[in-house]
Amino acid sequence: MEKEVAKEVLTVFERLSDDDKNSISIGLKTYYDKQIKFSMDELSKMDQEELETIKSIIVGIIITKENAPDILMVHERLKDNNLPSKISFGKQRLN
């Protein structure tokens, strides 16, 4: 079972950019207090729960990058619009 999950981890890891791979490696090293090597041999030795956690983290990053808007692009597109400057909760008063 660990080999299947290890293969899934490698598959999603390869979808990341080099910068994201590096960030993941640094973050996991800090979290697990050991260097995680993304090879089938090394990942197959890991606990299934750890592999599932790593896979979830990587998938979360991929989903965020694919679906989050580019904030700078959105800001540039909307900067000249007359947008509301106040946020309120509850009933709205009409002027």
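Which residue just after H2 takes a positive phi? Keep that question in mind while you move through this predicted model, because the tour reaches the end of H2 after a look at the whole chain and its core.

**The whole chain**

Begin with the complete chain in cartoon view, where you will find five helices and zero strands, arranged along the sequence in the pattern α-α-α-α-α. Fit the view to the C-alpha atoms, which fill a box of roughly 65 × 30 × 25 Å along the principal axes. The radius of gyration of the chain is 21 Å, whereas a compact globule of 95 residues would have one near 12 Å. If you colour by burial, 23% of the 95 residues come up as buried. With a surface switched on, the accessible area comes to about 8000 Å², and 51% of it belongs to carbon and sulfur atoms. As for the contacts between residues at least 6 apart in sequence, 65% join residues that are at least 24 apart.

**The core and Phe-38**

Next select Val-9, Ile-36, Phe-38, Leu-43, Ile-54 and Ile-58, which are the residues with the most contacts inside the largest nonpolar core, a set of 18 residues. The elements that give two or more residues to this core are helix H1 (2-13), helix H2 (18-32) and helix H4 (48-67), and H1 gives the most, with six residues.

Now centre on Phe-38 and display its surroundings. Leaving aside neighbours within four places in sequence, Phe-38 is in contact with Val-9, Leu-10 and Phe-13, with Ile-24, Ser-25 and Leu-28, and also with Leu-43, Ile-54 and Ile-58.

**Along H2**

Select H2 and place a distance between its end C-alpha atoms: they are 21 Å apart, which agrees with the 21 Å that 15 residues should span at 1.5 Å a residue. Then show the side chains of Asp-20, Lys-21, Ile-24, Ser-25, Leu-28 and Tyr-32, the buried residues in this helix. Turn the view to look down the axis of H2, and these buried residues fall within an arc of 140 degrees, so they line one face of the helix. An α-helix has 3.6 residues a turn, so residues three or four places apart point the same way. On the face of H2 turned away from the buried side, look for the exposed residues Asp-19 and Thr-30.

Pause at Ser-25, which is found in helix H2 and counts as buried because its relative accessible area is 13%, under the 20% limit. Beyond its neighbours within four places in sequence, Ser-25 is in contact with Phe-13, Gln-35 and Phe-38.

**The end of H2**

Step off the helix to Asp-33, which answers the opening question: just after H2, Asp-33 takes a positive phi of about 60 degrees, although this residue is not a glycine. Asp-33 is found in the loop between H2 and helix H3 (40-44), and its relative accessibility of 71% makes it count as exposed.

**A last stop at Asp-70**

Finally, select Asp-70, in the loop between H4 and helix H5 (71-78). At 43% relative accessibility, Asp-70 counts as partly exposed, since that value lies between the limits of 20% and 50%. To relate this loop to the core residue you centred on earlier, draw a line from the C-alpha atom of Asp-70 to that of Phe-38: the two residues are 32 apart along the chain, and their C-alpha atoms are separated by 29 Å.

Terms used: Residues are numbered from 1 along each chain as its sequence is written. This is a predicted model: local features need pLDDT of at least 70, side-chain atom pairs count only at pLDDT 80 or more; totals for chains, interfaces and linings use all residues. Side-chain values use heavy atoms; hydrogens and water are left out. A nonpolar core is a set of buried Ala, Val, Leu, Ile, Met, Phe, Trp, Tyr and Cys residues joined through side-chain atoms within 4.5 Å. Buried means under 20% relative accessible area, exposed over 50%, partly exposed in between (1.4 Å probe, protein chains only). Helices (H or I, at least four residues) and strands (E, at least two) are DSSP runs, numbered from the N terminus. Contact means heavy atoms within 4.5 Å. The expected span of a helix is 1.5 Å times one less than its number of residues. The arc is that of the directions from the helix axis to the C-beta atoms. The radius of gyration is taken over C-alpha atoms; the globule rule is 2.2 Å times the number of residues to the power 0.38. Accessible areas come from the Shrake-Rupley method with a 1.4 Å probe; for residues, only the protein chains shown count as cover.
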